[in-house]
Amino acid sequence: MPISKIFEPTLEQQIAQIYGKINEIQIKQQEELALLQKNHVTYMKKLEKLQEYNKIADMTNQIFEKRVSEIENTVKQINKKI
């Protein structure tokens, strides 16, 4: 029997190695999926905060525009009187 044949894994050993690698891949995929889900939740929270910030910024801009408009109207009225 040649020495190379002694060190070759048997078919059963090769199948066991393949199943082992498949299990490793499945575990890594599950870990990746869990990480993706966690990141998704985090991103959604950040998106909600950004939307809330934008709403607040819009309200602030509306108030600012109203005040500027009132100032413009007051200045126009003063100019008419002069």
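Accessible areas were computed with the Shrake-Rupley method and a 1.4 Å probe, and for residues only the protein chains shown count as cover. The structure is a predicted model, in which local features need pLDDT of at least 70, side-chain atom pairs count only at pLDDT 80 or more, and totals for chains, interfaces and linings use all residues. Residues are numbered from 1 along each chain as its sequence is written, and side-chain values use heavy atoms, with hydrogens and water left out.

To begin with the overall form, the protein holds two helices and zero strands (DSSP runs numbered from the N terminus, with H or I over at least four residues for helices and E over at least two for strands). The radius of gyration is 35 Å, well over the 12 Å that the globule rule gives for 82 residues, so the protein is more spread out than a compact globule. Here the radius is taken over C-alpha atoms, and the rule is 2.2 Å times the number of residues to the power 0.38. Along the principal axes, the C-alpha atoms fill a box of roughly 115 × 20 × 10 Å.

Turning to the surface, the accessible area of the protein is about 8400 Å², with 60% belonging to carbon and sulfur atoms. Buried residues account for 0% of the 82 residues (buried means under 20% relative accessible area, exposed over 50%, and partly exposed in between).

Helix α2 spans residues 11–81 and includes L11, which is exposed at 54% relative accessible area. L11 joins I15, I18, Y19 and I22 in a nonpolar surface patch of about 510 Å². Such a patch takes residues with over 30% relative accessible area and no salt bridge, with nonpolar side chains (Val, Leu, Ile, Met, Phe, Trp, Tyr) joined within 5 Å and like charges within 9 Å; a salt bridge is a side-chain nitrogen of Lys or Arg within 4 Å of a carboxyl oxygen of Asp or Glu.

Q30 also lies in helix α2 and is exposed at 56% relative accessibility. Q30 and T74, 44 residues apart in sequence, are 66 Å apart from C-alpha to C-alpha.

Notes: Buried means under 20% relative accessible area, exposed over 50%, partly exposed in between (1.4 Å probe, protein chains only).
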